[in-house]
Amino acid sequence: MNRPDYLKNYIFDWDVFDVVVGGKSALDSNFFVAKLDDITEVNKFLKGYGLDTDDPVSRAELFGNFQEAVQFIKRYFLKDGTPDGLDLEIPNSLYTVTDISGLFLMATGNSDHTVEEQLWAEIVLKVMHTILHADKDLRSNYFNQIQTQIFDKFYRYLHRDHDNNLFLKSGDISIPLVDFETKSKKSRDSVIIKLLHKAENVAEELFDRVGVRLVTKNKLDILKVLQFLIRNYVVTPHNIKPSRSLNTIFDINHFRTKYSNLVKMALRNNLSEERFVSAVNREIDECSFDNLKNENNLHSSTKYRSVQFTCRQLIKYKNPFLAEFFKLRKLAKEEDSAVAKELLGLDFSSLARDIRFFYPFEVQVVDESSYRINFEGEASHTEYKKAQRIYAMNRVFKKLLIHKGLVQE
């Protein structure tokens with residue numbers, strides 16, 4: 001059958017459309033990189049990606065990303081590096097790559113390599129892509145200032161009495177706490193693994209690099225802590241990301257009805273605070289959830305219990321360079337030299353005095369009994385991180401595992 005010549009103009013890449021408008025991640029597409037015919041096409045792709053292929057430093061950095069990706073795969077995804085890794089070996093052909101263009105041509109099947117080698121090259125490119133996103137998050141340069149400004153909002157309300165008991169305190173309001181924890185900065189490898197298991201796969205979408213946890217004595221105090229944080233402007237409801245809010249401790253809507261009835265009863269019977277609180281704690285326990293699946297995080301145990309949300313803080317960063325620069329300009333005005341004239345003639349209008357941007361931080365509030373359950377058995381952080389890594393491993397290696405018949409499509 002003769003094929004009309006015009007049809008060549010109507011051949012669409014439906015797999016790419018799935019990524020662009022269908023909500024699918026590039027990591028899960030049938031072809032992570034479209035077929036590239038030669039090095040010229042590879043360079044066009046890299047420039048479109050945002051990388052300067054004419055800059056030898058940029059190319060060297062990219063090759064460094066390639067080498068890191070290979071070592072990362074060996075360390076976290078293969079049996080040589082971890083007991084529950086895949087019993088596979090990286091092909092020798094990957095170790096002979098001396099230029100990234102060759103890796104791209106191998107991944108797109110446009111070189112003299114086997115299908116398995118092609119799939120391995122694609123795996124390495126997926127990890128390289130993730131490393132690039134982890135490294136190029138501009139906000140990470142200000143991480144120390146970010147942590148300080150966010151944590152200080154909480155620290156100003158934390159107090160200890162003479163017996164070292166911890167309280168969240170402001171004026172006449174004092175809420176006892178079992179503990180207050182801040183999340184330490186994620187290691188670089190942890191960030192890469194987390195990005196590899198997230199559909200978004202971009203560093204800007206990591207919302208828990210900065211976080212705090214407040215552990216209360218009981219479930220009622222969870223509500224009291226939330227109200228305290230809001231009323232003291234530690235968190236601003238307008239800056240909360242709705243899709244990141246989660247409550248797996250108790251059904252707040254069900255409890256709300258019960259609480260309203262308890263308040264009415266307290267008014268009618270002039271209940272003491274002790275009896276009222278006892279009744280409230282009894283009702284809130286009856287509203288506790290059974291096993292739930294966290295739709296936002298499939299790797300969390302169904303036993304994991306917390307109330308948590310992601311807020312954004314407007315970070316204010318003062319450029320320390322400008323202060324030193326203005327000192328030099330002041331000294332230059334007192335000198336009559338060529339260097340002083342050059343310095344005074346510099347245009348510094350493009351230098352930002354202050355940098356301001358919103359940064360997300362996670363707040364978790366949990367009662368003491370739930371906290372103990374969270375860090376025992378399968379709900380422990382170790383198990384959570386292991387599940388996250390295995391998911392990332394299976395996701396990145398899926399096509400190779402299908403090709404080798406190790407999993408079903």
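Hi everyone. Let me begin with a term: a residue is called buried when its relative accessible area is under 20%. By that cut-off isoleucine 192, at 0% relative accessibility, counts as buried. Please keep in mind that we are looking at a predicted model.

So, where does isoleucine 192 sit? It belongs to helix H8, which runs over residues 188–197. Setting aside neighbours within four places in sequence, isoleucine 192 touches Glu68, Phe72, Thr130, Ile131 and Ala134. One more detail on this residue: its C-alpha atom is 9.7 Å from that of methionine 128, and the two residues are 64 apart along the chain.

Now let's widen the view to the helix as a whole. How many of the residues of H8 are buried? The count is 8 of the 10, so H8 is largely enclosed by the rest of the structure. If you want to find them on your screen, they are Asp189, Val191, Ile192, Ile193, Lys194, Leu195, Leu196 and His197. And what do these buried residues pack against? Their partners are helix H3 (56–76), H6 and helix H15 (381–403).

Let me take two of those partners in turn, starting with H6. Helix H6 covers residues 115–135, and its axis comes within 9 Å of the axis of H8, with a crossing angle of roughly 120°. The two helices are therefore oblique to each other. The crossing of H6 past H8 is right-handed. On the H6 side, the residues taking part are Lys126, Val127, Thr130, Ile131, Ala134 and Asp135, and on the H8 side they are Arg188, Val191, Ile192, Leu195 and Leu196. Sorted by class, this contact between H6 and H8 has 7 nonpolar, 1 polar and 3 charged residues.

Next comes H3. The axes of H3 and H8 are 12 Å apart, and the angle between these helices is about 85°. That makes H3 roughly perpendicular to H8. Here Glu68, Phe72, Arg75 and Tyr76 of H3 meet Arg188, Asp189, Ile192, Ile193 and Leu196 of H8. The class count for H3 with H8 is 5 nonpolar, no polar and 4 charged residues.

You may have noticed Phe72 turning up again, and that brings me to the aromatic rings. The structure holds 22 aromatic pairs. One of them joins phenylalanine 72 and phenylalanine 77 in an edge-to-face arrangement, with 5.8 Å from centre to centre and 85° between the planes. Both of these phenylalanines, 72 and 77, are buried. Ring pairs also tie Phe72, Tyr76, Phe77, Trp120 and Phe397 together into a cluster.

Let's move to another packing site. Helix H9, residues 219–231, packs with H11 at an angle of about 100°, and their axes are 8 Å apart. That makes H9 roughly perpendicular to H11. Lys219, Leu220 and Leu223 of H9 make the contact with Val277, Val280, Asn281, Ile284 and Asp285 of H11. Of the residues in this contact between H9 and H11, 5 are nonpolar, 1 is polar and 2 are charged.

Here is a strand residue for contrast. Threonine 216 is in strand S4, residues 211–216. Is threonine 216 buried or exposed? With 0% relative accessibility, threonine 216 counts as buried. Leaving out neighbours within four places in sequence, its contacts are Leu177, Val178, Asp221, Ile222, Val225, Val365, Val366, Asp367 and Glu368.

Finally, a few loop residues. Most residues other than glycine have a negative phi. Asparagine 164, though not a glycine, has a positive phi of about 70°, and its place is the loop between strand S1 (158–160) and strand S2 (166–170). Asparagine 270 also has a positive phi, about 50°, and is not a glycine. Look for asparagine 270 in the loop between helix H10 (252–269) and helix H11 (273–286). At 69% relative accessibility, asparagine 270 counts as exposed.

My last stop is lysine 333, in the loop between helix H12 (320–332) and helix H13 (338–344). Lysine 333 is exposed, with a relative accessible area of 61%. How far apart in space are lysine 333 and threonine 96? From C-alpha to C-alpha they are 58 Å apart, with their positions 237 residues apart in sequence.

That's my tour, and thanks for listening!

Notes: Residues are numbered from 1 along each chain as its sequence is written. This is a predicted model: local features need pLDDT of at least 70, side-chain atom pairs count only at pLDDT 80 or more; totals for chains, interfaces and linings use all residues. Side-chain values use heavy atoms; hydrogens and water are left out. Axes are lines fitted to C-alpha atoms, for helices over the stretch in contact, and angles run from 0 to 180 degrees between N-to-C directions. Helices (H or I, at least four residues) and strands (E, at least two) are DSSP runs, numbered from the N terminus. Angles under 35 degrees count as roughly parallel, over 145 as roughly antiparallel, 65 to 115 as roughly perpendicular and the rest as oblique. A crossing is left-handed if the near helix is turned anticlockwise from the far one by less than a right angle, and right-handed if clockwise. Contact means heavy atoms within 4.5 Å. Ala, Val, Leu, Ile, Met, Phe, Trp, Tyr, Cys and Pro count as nonpolar, Asp, Glu, Lys and Arg as charged, and the others, Gly among them, as polar. Rings of Phe, Tyr and Trp (its six-membered ring) pair if their centres lie within 6.5 Å; planes under 30 degrees apart count as stacked, over 60 as edge-to-face and the rest as tilted. Buried means under 20% relative accessible area, exposed over 50%, partly exposed in between (1.4 Å probe, protein chains only).
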